[in-house]
Amino acid sequence: MRSMSAAINFKSHLSELFAQALREVAPDQPDTSILIERPKQVAHGDYSCNLAMQLAKPLRKAPRDIANALIAALPKSAVVEKVEIAGAGFINVFITTVAKQQVVHGVLQAGAGYGHVHAGGGRKVGVEFVSANPTGPLHVGHGRGAAVGDCLCNVLHAAGWNVTREFYYNDAGAQIDNLTLSVQLRCKGVTPDDPSWPESGYRGDYITEVARGYIAKETVIADDQQVKACGDVNDAEAIRHFAVAYLRREQDLDLRAFQVEFDVFSLESALYTDGKVEETVKKLIASGHTYEQDNALWLRTTDFGDDKDRVMRKSDGGYTYFVPDVAYHLDKWRRGFVRVINEQGSDHHSTITRVRAGLQALNEGIPKGWPDYVLHQMVTVLKNGEEVKISKRAGSYVTLRDLIDEVGCDATRYFLAARHPDSQLVFDIDLAKSQSNDNPVYYIQYAHARVSTVLLQWGGDSAVLQHADVGVLDNEYETQLLQRMIDFPQVVEMAAEELAPHLIAFYLKELAADFHSYYNAVRILVDDEKLKLARLALIAAVAQVLKNGLALLGVSAPEKM
RNA sequence: GCGCCCGUAGCUCAGCUGGAUAGAGUACUUGGCUACGAACCAAGGGGUCAGGAGUUCGAAUCUCUUCGGGCGCACCA
């Protein structure tokens, strides 16, 4: 199977051939990068190489002459049909249909494993995402983080990385104090419209429910902890404990409804109780990068590229949030993550320099650009044509669960993950609801369901399709589908490399489009038995790739809709 | 004011780390179900890639700059 899929990787195969030709034609230019790309137009072949144009300057020769020399020096390959020179000096390579047809067997044999590559080499990568503080239900922004982060994890796993999904939350500090106070006031019957309600208090209705649960002495289970409310309105510590557990449980339910699961939950409070914060502070002081000023302890983060120094210990004796943050990342490093990716909203981007600076100051041999970050831009929510401002404190809110209930899990996930994280996203709830049939996710799922129906009508044993003679698959629709499936592993590899899960969504849309065109133009269940089996094998392979790709997005692949 | 991200068809968005005539979806105009699902397909019009300058065989992509939008700039997280 491995040798099969390696043989189907025409891109790397051609890359090797051109590398050999390069050594012969231009031995003095060994560092020239060999780029093999897929031309947009079929007339330009299946793959093209711009090596000749790159060499034109150093060799001081015409690109077309170099191209001729390269082609002459190109080792023979059974999969290459012909090689042409075009345009300014492109070398266009055409692959034999026979070689492309092998992808059908490759897909059917590999099954759910088709699209997996070993770029990651089994190395450990930790991906932290969502990481919402337990001060309210998850909103659309968290949803984007969840969709992008989870999809990224799936993609990295498929690319051969050993992935750990991690959720970090702050269960101490000022925001939690606000939460505790808000719940306590609600317990005492004070409402947000009361003049005594604090400015920084949380006003959402969910606070009332937490208070009700506390008074009713409910028991909640969250993160393997069981917390029973004592009901004492004056016991702030008990309220805090209960409120955090209650909201964590709510978030867990949101995440479950969104089909997202985490391997590890990390608590900020644990970093204190385990002594990791103290240890980090000591190490930073020992490093010589700290100083006392205005009754506070500062870290000279400007030594590491920050634009100003940062306070570590406030004059009231407490640490700023960034100290446990550094301690947390030191802990990640020690847990053996050669790579860590933090998926966050771009409103937190200022922490990047700070955390990296803190880690550099520790002098623990942590690489300079560690950890990596994927920042998604803000989500704007439109409802009734108007923007809904998301504010926990004001209580105006579009929760992730509302969205899932109204739009559906599959469509919500697709919508939030199918765009480049860098671009701002407008989530029009009415549009997503009323025109849900126009959502591309249904287009892709429909292709999958159509294949299922055809296979059902055929009624044969799909195991025999693995041995179908695919040599008859040679019309333009079929070769297009073959090539598209051949591309899939490289799309996965690219998505993992670029940390760009949206590439999967766009690939699937194209594969589905190729299939729908084929389906409309060519009949699958023809009388010719050999041709029928070949076509069935082809569409079964297409369905498998669709399913694998949808799985990366965390979207279902229904057999009927 | 400083830093990061963005600006591509009326609208929503791609554009494979510099390649060939800039692409999808949607909307609009047409055509296609007496053969496997019409949640589909086929065809058509629609562009100063925000503006300008530079780098080179070649720029939506890289650099500089102007304009416009978002987000940061705490002894909050």
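This is a walk through a predicted model of protein chain A with RNA strand B, starting with the domains and ending at the RNA.

Let's begin with the layout of the protein. Chain A is divided into three parts: domain 1 covers 2-95, domain 2 joins 100-119 with 439-553, and domain 3 spans 174-257. Taken over C-alpha atoms, the centres of domain 1 and domain 2 are 28 Å apart. Where these two domains touch, ten residues from domain 1 and ten residues from domain 2 take part in the contact.

How big is that meeting surface? The size of an interface is often given as the accessible area lost when the parts come together. Between domain 1 and domain 2, the buried area is about 930 Å², and carbon and sulfur atoms give 57% of it.

Polar and charged groups take part here too. Four residue pairs are in polar contact between domain 1 and domain 2, counting pairs with both residues at pLDDT 80 or more. On the side of domain 1 that touches domain 2, helices α1 (2-8) and α2 (10-25) each supply at least two residues. Of the elements on that side, α1 gives the most, with three residues. Sorted by class, the side of domain 1 that touches domain 2 has five nonpolar residues, one polar and four charged. The interface of domain 1 and domain 2 also holds two salt bridges. If you would like a specific pair to look up, try arginine 38 and aspartate 487: they form a salt bridge in which the closest N and O atoms are 3.0 Å apart.

Now turn to the RNA. Strand B is surrounded by 63 residues, and the closest are Asn170, Lys314, Tyr443, Met494 and Glu498. By class, this surface has 24 nonpolar, 25 polar and 14 charged residues. Several elements each supply at least two residues of the surface near RNA strand B, among them α3 (51-59), β4 (90-95), α7 (174-187), α18 (476-498) and α19 (502-521). The largest share comes from α17, with eight residues; this helix runs over 440-458.

Which parts of the RNA face the protein? Of the atoms of strand B within 4 Å of the protein, 59% belong to sugar or phosphate, and the rest belong to bases. Three side chains show such backbone approaches in detail. Lysine 40 places a polar side-chain atom 2.9 Å from a phosphate oxygen of strand B. Histidine 502 has a side-chain N or O atom 3.2 Å from a phosphate oxygen of strand B. For asparagine 520, the partner is a sugar or linking oxygen of strand B, 2.7 Å from an N or O atom of its side chain.

How values were computed. Residues are numbered from 1 along each chain as its sequence is written. Chains are lettered from A and ligands numbered from 1 in the order in which they are written. This is a predicted model: local features need pLDDT of at least 70, side-chain atom pairs count only at pLDDT 80 or more; totals for chains, interfaces and linings use all residues. Side-chain values use heavy atoms; hydrogens and water are left out. Domain bounds come from an automatic or database domain assignment. Contact means heavy atoms within 4.5 Å. Buried area is the accessible area (1.4 Å probe) that two parts lose on being put together, summed over both. A salt bridge is a side-chain nitrogen of Lys or Arg within 4 Å of a carboxyl oxygen of Asp or Glu. A polar contact is a pair of N or O atoms within 3.5 Å; within protein, one must be able to donate a hydrogen and the other to accept it, and residues adjacent in sequence count only if both atoms are side-chain atoms. Helices (H or I, at least four residues) and strands (E, at least two) are DSSP runs, numbered from the N terminus. Ala, Val, Leu, Ile, Met, Phe, Trp, Tyr, Cys and Pro count as nonpolar, Asp, Glu, Lys and Arg as charged, and the others, Gly among them, as polar. A residue is near a molecule or strand if one of its heavy atoms lies within 4 Å of it.
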